[in-house]
Amino acid sequence: MSTVYRLRTNTGAVFALSIIVLLIAVALAGPWFNPNNIESLDWAHVAAYPSLTGAHWFGTDRLGRDLYARTLEGMRVSLAVACVASAISLSVGIAYGAVAGYAGGRWDHLMMRFIEVLSGLPLIFFVIFLTVIFGRSQYLLFLAIGAIGWLTMARIVRGQTLSIRQREFIEAAVASGASTGRIILKHVVPNLLGPVIVYATLTIPQIILFESFLSFLGLGIQEPHASLGTLIAEGAGEMEAAPWMLLVPGGVLATLLVCLNIVGDGLRDAIVGRESAAT
Amino acid sequence: MVRYFIKRLAGAVPTLLIIVTAAFFLIRAAPGGPFDQEQTLPAEIVANLQAAYGLDLPIWAQYGRYLRALAHGDFGPSFKYRDFTVTELIGQGFPVTLRIGAIALILALGLGLPLGTYAALHHHAAADHAAMSLAVVGIAVPSFVVLPFLGLVFGIYLHWLPVAGWEPGSIRHLVLPVIALCLPPLSIIARMTRGSMLEVLRSQYIRTAFAKGLPLRIVILRHALRPALLPVAGYLAPAVASIMTGSLVVESIAGLPGIGRYLVQGALNRDYTLVMGMVIIYSALLIAMGLVVDMLYAWLDPRIRFGR
Amino acid sequence: MTPALDIENLSVHFAHQHGAIAAVREASLTVRPAECVGIVGESGSGKTQTFMAVMGLLSAGARAAGSVRFEGREILGLRASELNRVRGSKLTMIFQDPMTSLTPHLKIGIQLAEVLVSHSRMSWREAETAALRALERVRVPEARRRLRQYPHELSGGMRQRVMIAMSLLCEPKLLIADEPTTALDVTVQAEIMDILRVMRQESRMAIVLISHDLGLVAGLADRIVVMYGGRVVESAGAADILERAVHPYTAELLKCVPDLRRPRLERMPSLAGQAPSASSAEVGCAFAPRCPLAGERCLSERPLLRHIGGAAHQAACHYPL
């Protein structure tokens, strides 16, 4: 499949992808290499410099908590939130879009108007608004973050569904008596794969970004858990005295996001290339 | 042109009204009241406070009062900063936010457009690759990572610029926040301009322009730039939204007294009127930007003005 | 007498991931002052790319080799700033599709006047007056009103007249017209050709008329050059080509020109096969696969351009007619 070929030859994307895999591997397996856990307070080494030979590879924070462990935990939390929220937004978006596209007519029109209105508003204000009303609940957080990606996804899926619906093989399927659900599952969904992957690559970094943003402001993940956003917020406060508290989680987040963007670009180039070559 | 503008303006007002109404009723529907976070107060005092803030009236009456007050520019009192009304806070904070936001937007356009054009003209050369790589970083890395990092390098290590804080009329305090704020839209504009400029340069009419013996400068500025700007014009409204979102974090980190910081504080303190006021201001700004963009589109492409 | 244009062994290659594509292979031709030369060939024959190379308008990734002299001065490979001294003023070109060849967001008046402002030291006002006169010269009605209009407000024929006016503003020595009527209606075609004819009479300028339509070219050209597969295959005076064509390809082309005087035919004659692709390697004569007269030698040995039947008549064929 030439898509894979195009992706493989994109050295930048391959490199970025390997870094992402590395980071994830470290996040998951890291604790095995380091005895410290995120909650133990090491009073002997408060705000200590990072030292690869000493007890704390990335140093410690104000309370003596090991930064290496906390950063890995932060990564795990951020990635977990990203996965769950992505899953939510993808499913909601795909479902919404598929229904709108397949139903057509007035329903479609109504559903799309709804999306248009929502797209105009930057989500952050809406979320802040909701936080004021409902307080800082974790469920709200997931909901809000999940709400990020589904709009674009719904639009794309609806567009694809509309065009697929009119193609002959759908008529054939209907004529042969297949049920609507079966049609959607067996015919519509496989054709959506391409654009869905493309937009998934766009939304995942957006979601990670959004979650970090909220956590940074104090509206996201709460104590005692920490995501990369909260760690960066702490680090920013301690910048003068203990810069590593900012640099480590900040560097990790920056690297993760940059690599995700590069992979996303590469994936999009590879897939779009296939489509334009086919036409 | 003028008729088009009035038509668009008429469409914008209902949108704003919907936002205000939705905000109002959502807040009233929320569990708990604004005073719940204080230590539990005796019932009569709560009743007095509620009366003072007009919270004991039926909800339609409250809505009416709010709308009337809004028409006079009165957003109500802040529930937390008792000595100030929201209007006063907005009045204090808005100029600050507007200043850094506007400078950031101007920088993003003023640097992004030439950068993108240069990259397009030197397609595939080292300069192009370098610029686009930097652009990816600019887009991906969030401002709340960039700003502290900048502060670390330029403030703490090099001592060139202050890390945070603000003095009225000071420019030095604005430098780092503005840079952090303008980087993402700048990168996006550069990438976009490069892409659309490359497209435009492939057009037949650009070939005609070169065949006429016009110097490169004129071909770019007079013939290629306006059509290449079309996608960038479409990005203006999201750019403003991005800058507004960024200002929340940038003002909080740098300690700038703008409405972004007030909004965040308001959210953390559950200060209803403050948050509502801020949301309304931001929405109005966005809608206004949408109008400006539509006007810009019509100017850039005469075919739109004549009605498709 | 210095020729207006002298092309010698021009080759144009495009770099491609699977190797180079040769659009033009060692083409040579000359245009004398005030002469009209018609360049005839199918798409892919290299006729357009030859003159893109002359005008310095090749797309990025294209390489030109050989020599192109305009009024005795070598212009191939010149920097844009140098080339612009003659390009657009003394050496001009008009293109096939007037719909897309004019800048959509600029008024006609500006697009005309800027040529004069750039090349001579005229002010904008003087240039606009000259533009008005140029439009009247090419018989655009209501010229003053047209100056204030945008390209999309004009019809195709009128746009092409504007293009012609634009190319004549600085009194060029050579005008290259690349398929100027292909995108237009037949009636408009005739008008445009008429204008070219009149302009040529009035101003003693040389014209290169590129077309796939031999009949069209015959109406205006003094000499005709036939191109195939990136090479010149025949070159002679217009009358000679029409009556005494020597190359089999030219003969086939002539058969394809619809002629109202001839008896009605059951089927329109057409050439069998397809033009060679520019990326295929050249073995022997490029036309051999489609040539009714092809022999063994044609498939292995490429025929060179040589004089046949007259000093002014050249053809590249092993078995000329």
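Two strands count as paired if DSSP finds at least two bridges between them. That rule is what the opening view is about, and everything shown here comes from a predicted model.

**View 1. Strands β6 and β7 of chain C run side by side in parallel.** Strand β6(C) covers residues 91-94, and strand β7(C) covers residues 174-178. Four bridges join the two, and the cut-off for pairing is at least two. If you want a place to start looking, take C:Leu91, whose bridge partner in β7(C) is C:Leu174. Now follow the side chains along β6(C): C:Leu91 and C:Met93 point one way, while C:Thr92 and C:Ile94 go the other way. Whichever way they point, all four of these residues are buried.

**View 2. C:Tyr228 and C:Phe287 make an edge-to-face aromatic pair.** Across all chains, the aromatic pairs come to six. In this one, the ring centres of C:Tyr228 and C:Phe287 are 5.2 Å apart and the planes meet at 80°, so the pair is edge-to-face. The two rings come from distant parts of the chain, with their positions 59 residues apart in sequence. C:Tyr228 belongs to strand β9 (residues 223-228) of chain C, whereas C:Phe287 is in the loop between α11 (248-256) and α12 (296-300). Both C:Tyr228 and C:Phe287 are buried.

**View 3. C:Glu252 is an acidic residue tucked under the burial cut-off.** You'll find C:Glu252 in helix α11 of chain C. Its relative accessibility is 14%, and anything under 20% is called buried, so C:Glu252 counts as buried. What does C:Glu252 contact, leaving aside neighbours within four places in sequence? The partners are C:Leu271, C:Phe287 and C:Pro292. C:Phe287 is the ring from the previous view, where C:Tyr228 is its edge-to-face partner.

**View 4. A salt bridge in chain A joins helix α9 to helix α3.** The whole structure has 26 salt bridges over all chains. Here A:Glu234 bridges to A:Arg70, and their closest N and O atoms are 3.3 Å apart. A:Glu234 sits in helix α9 (residues 228-237) and A:Arg70 in helix α3 (residues 67-103), so the bridge ties together parts of chain A that are 164 residues apart in sequence. How exposed or buried is A:Arg70? At 3% relative accessibility, A:Arg70 counts as buried. A:Glu234 has a relative accessible area of 24% and is partly exposed.

**View 5. Two salt bridges of chain C each start from helix α5.** In one, C:Glu128 meets C:Arg148 at 3.8 Å, N to O. C:Glu128 is in helix α5 (residues 124-137), and C:Arg148 is in the loop between α6 (143-147) and α7 (156-168), 20 residues apart. C:Glu128 is partly exposed, at 26% relative accessible area. In the other, the side chains of C:Arg137 and C:Glu202 meet at 3.3 Å, N to O. This pair links helix α5 with helix α8 (residues 186-203) of chain C, 65 residues apart. C:Arg137 has a relative accessible area of 35%, which makes it partly exposed.

**View 6. Chains C and B meet, with two salt bridges between them.** On the chain C side 25 residues are in contact with 19 residues of chain B. The buried area between these chains is about 2,000 Å², and carbon and sulfur atoms give 60% of it. Zoom in on C:Glu114 and B:Lys212, whose side chains meet in a salt bridge at 3.0 Å, N to O. B:Arg222 joins in as well, linked with B:Lys212 and C:Glu114 in a network of salt bridges. Elsewhere, the charged end of B:Arg207 sits over the ring of C:Phe95, 4.0 Å from the ring centre.

**View 7. An aromatic cluster brings chains A and B together.** Its members are A:Phe213, A:Phe216 and B:Phe144.

**View 8. Chain B has twelve helices and zero strands.** Chain B has 308 residues, and 49% of them count as buried. Among the contacts in chain B with a separation of 6 or more, 74% are between residues 24 or more positions apart.

Key: Residues numbered from 1 in each chain as written. Chains lettered and ligands numbered in written order. Predicted model: local features only at pLDDT ≥ 70, side-chain atom pairs only at ≥ 80, totals over all residues. Heavy atoms only, no water. Phe/Tyr/Trp six-rings, centres within 6.5 Å; stacked < 30°, edge-to-face > 60°. Buried < 20%, exposed > 50% of the residue type's maximum accessible area, 1.4 Å probe, protein only. Lys NZ or Arg CZ within 6 Å of the ring centre and 35° of its normal. Contact = heavy atoms within 4.5 Å. Salt bridge = Lys/Arg side-chain N within 4 Å of Asp/Glu carboxyl O. Buried area = accessible area lost by both parts, 1.4 Å probe.
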